[in-house]
Amino acid sequence: QVQLVESGGGLVQAGGSLRLSCAASGSIFGINTMGWYRQAPGKQRELVASITSGGSRNYADSLKGRLTISRDNAKNTVFLQMNSLKPEDTAVYYCNARITRFTGTPIVTWGQGTQVTVSS
């Protein structure tokens, strides 16, 4: 069993910052890509940012400059630093990881989501 546990969401005023964390645990041999997606009410889930085990980063074009994704491979944890938040950033943020289990089976796992609300 593999589990992703997110933390760090909450309510913040426009212009503020939040730092999200996501820790993976369970039967994990290795983790390739870890990332964050978000889903606002009435909208499709979209990629926010991702990072490979080697440190290669990918950001949504609309969010570049305001986000920094990082990870601690030793702790199987990924972080998302969000700055200059806007009301349109309000969404549920989901952690995602591409994991290889000890059995050799590759899986894609999602966290339960953490709510980020930005007030104007």
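Begin the tour by selecting N76, which is partly exposed, with a relative accessible area of 24%. The model on the screen is a predicted one. N76 sits in the loop that joins strand 7 to strand 8. Although N76 is not a glycine, its phi is positive, at about 50 degrees. Most residues other than glycine have a negative phi.

**The hairpin around N76**

Widen the selection to the hairpin of strand 7 and strand 8, which has 4 residues between the strands. N76, with its positive phi near 50 degrees, belongs to this hairpin. Strand 7 covers residues 67-72, and strand 8 covers residues 77-82. The two strands run antiparallel and are paired over 6 bridges. To see one position of this pairing, select T68 and look across to Q81 in strand 8, which stands opposite.

Now display the side chains of strand 7. In a regular strand the side chains alternate between the two faces of the sheet. Which residues of strand 7 lie on the covered face, and which on the uncovered one? L67, I69 and R71 form the covered face, while T68, S70 and D72 form the uncovered face.

**The sheet of four strands**

Next, select strands 1, 3, 8 and 7 together. They make up an open sheet of 4 strands in the order 1-3-8-7, and the pairing is antiparallel. Which strands lie at the edges of this sheet? They are strand 1 (2-7) and strand 7, each of which pairs on one side only. Neighbouring strands in the sheet are turned against each other by 15 degrees on average, with direction ignored.

Move to the side of the sheet where strand 1 lies. Strand 1 pairs with strand 3 (residues 18-26) in the antiparallel sense, over 6 bridges. Select V2, then G26: the latter is the bridge partner of V2 in strand 3.

**The nonpolar core**

Hide the loops and turn to the interior. In soluble globular proteins, nonpolar side chains tend to be buried together. The largest nonpolar core here has 31 residues, and the members that touch the most other members are W36, V48, I69, V78, L80, M82 and Y93. Two or more residues come from each of strand 1, strand 3, strand 4 (30-39), strand 5 (46-51), strand 7, strand 8, strand 9 (91-100) and strand 11 (114-119). Strand 9 gives the largest share, 5 residues. I69, named above on the covered face of strand 7, is also among these core residues.

Select Y93 and show its surroundings. Leaving aside residues up to four places away in sequence, Y93 touches E6, L20, W36, Y37, R38, V48, L80, M82, G113, T114 and V116.

**N96 in strand 9**

Follow strand 9 to N96, which has its place in that strand. Is N96 buried or exposed? N96 counts as buried because its relative accessibility is 5%, and the limit for buried is under 20%. Residues up to four places away in sequence not being counted, N96 touches L4, T33, M34, G35, Y37, V108, T109 and W110.

**Two further loops**

Continue to the loop between strand 9 and strand 10 (106-110) and select G104, which is placed there. G104 is partly exposed, with a relative accessible area of 48%. Add N73 to the selection: from C-alpha to C-alpha, G104 and N73 are 19 Å apart in space, and they are separated by 31 residues in sequence.

Then select S84, in the loop between strand 8 and strand 9. Its phi is near 50 degrees, a positive value in a residue other than glycine. At 42% relative accessibility, S84 counts as partly exposed.

**The whole chain**

Finally, show the complete chain. How many helices and strands does the chain have? There are 0 helices and 11 strands. The radius of gyration is 14 Å, close to the 14 Å that the globule rule gives for 120 residues, so the chain is as compact as a globular protein of that length. Along the principal axes, the C-alpha atoms fill a box of roughly 50 × 25 × 20 Å.

Colour the chain by burial: buried residues account for 40% of the 120 residues. The chain exposes about 6,400 Å², of which carbon and sulfur atoms supply 46%. Among contacts between residues at least 6 apart in sequence, 55% join residues at least 24 apart.

Note on methods
Residues are numbered from 1 along each chain as its sequence is written. This is a predicted model: local features need pLDDT of at least 70, side-chain atom pairs count only at pLDDT 80 or more; totals for chains, interfaces and linings use all residues. Side-chain values use heavy atoms; hydrogens and water are left out. Buried means under 20% relative accessible area, exposed over 50%, partly exposed in between (1.4 Å probe, protein chains only). Two strands pair if DSSP finds at least two bridges between them. Axes are lines fitted to C-alpha atoms, for helices over the stretch in contact, and angles run from 0 to 180 degrees between N-to-C directions. A nonpolar core is a set of buried Ala, Val, Leu, Ile, Met, Phe, Trp, Tyr and Cys residues joined through side-chain atoms within 4.5 Å. Contact means heavy atoms within 4.5 Å. The radius of gyration is taken over C-alpha atoms; the globule rule is 2.2 Å times the number of residues to the power 0.38. Accessible areas come from the Shrake-Rupley method with a 1.4 Å probe; for residues, only the protein chains shown count as cover.
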